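Student: I would like to take a close look at a single part of this protein and then see how that part sits within the rest. Please go slowly and keep the reasoning visible.

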Amino acid sequence: MPFCEDCAKYWAPSAMNDDGTCPTCGRTVEAPKVQSTITAKNLDLKRLAVGDDGDPADAAAPWHFKLLMVLLVVYLGWRFVQLLT
Ligand SMILES: [Zn+2]
């Protein structure tokens, strides 16, 4: 938690100026943030889902999920046949 000695006050990191200075006296309290604030424009959901390496194979469904879906279709198909007979 950044503390300004001139103002004798603790500041929430989100309440600081973007360059890390105190909002009231302008004194440098903490080092500026390396990463800028996440906005709707610079948010990359695909990179978050896939990962930094960008391999789309990591985002594919696992084999056991596909097997489960096949077994579910077979079971529901059999239950539908039972319903008709
Ligand atoms: Zn201050």
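Student: In which loop does Ala8 lie?

Tutor: The model is a predicted one, and in it Ala8 lies in the loop between strand 1, residues 3–4, and strand 2. The backbone of Ala8 deserves attention, since its phi is positive, at about 55°, although the residue is not a glycine. Ala8 is also exposed, because 7 other C-beta atoms lie within 10 Å, and a residue counts as exposed if that number is 12 or fewer.

From that loop one can step back to strand 1, where Phe3 is found. Phe3 has 12 C-beta neighbours inside 10 Å and therefore counts as exposed, given that the category takes in residues with 12 or fewer. Leaving aside neighbours within four places in sequence, Phe3 is in contact with Tyr10 and Val29. A further relation of Phe3 is with Glu30, which is 27 residues away in sequence, while the two C-alpha atoms are 8.4 Å apart in space.

On the other side of strand 2, residues 9–10, comes the loop that leads to helix 1, residues 45–50, and Thr28 has its place in that loop. Thr28 is partly exposed, because 13 other C-beta atoms lie within 10 Å, a number that falls between the limit of 12 for exposed residues and the limit of 20 for buried ones. When residues up to four places away in sequence are not counted, Thr28 touches Gly20 and Thr21. Thr28 can also be set against Pro2, from which it is 26 residues apart in sequence and 10.0 Å apart in space, C-alpha to C-alpha.

The loop between helix 1 and helix 2 holds Ala60. This residue is exposed, because 10 other C-beta atoms lie within 10 Å. Ala60 and Val50 are separated by 10 residues in sequence and by 9.2 Å in space, C-alpha to C-alpha.

Helix 2 itself covers residues 63–84, and at 1.5 Å a residue its 22 residues should span 32 Å, which agrees with the 32 Å between its end C-alpha atoms. Of those 22 residues the number buried is zero, so helix 2 lies largely in the open.

Taken as a whole, the protein comes to two helices and two strands, which follow the pattern β-β-α-α when read along the sequence. Buried residues make up 4% of its 85 residues. Among contacts between residues at least 6 apart in sequence, 10% join residues at least 24 apart.

Confidence should be kept in view throughout: the mean pLDDT of the protein is 83, and 82% of its residues reach 70 or more. Among the elements, helix 1 has the lowest mean pLDDT, at 75, whereas helix 2 has the highest, at 96.

Conventions:
Residues are numbered from 1 along each chain as its sequence is written. This is a predicted model: local features need pLDDT of at least 70, side-chain atom pairs count only at pLDDT 80 or more; totals for chains, interfaces and linings use all residues. Helices (H or I, at least four residues) and strands (E, at least two) are DSSP runs, numbered from the N terminus. The expected span of a helix is 1.5 Å times one less than its number of residues. Two residues are in contact if their C-beta atoms, placed from the backbone, lie within 7 Å. pLDDT is the predictor's confidence in each residue, from 0 to 100.
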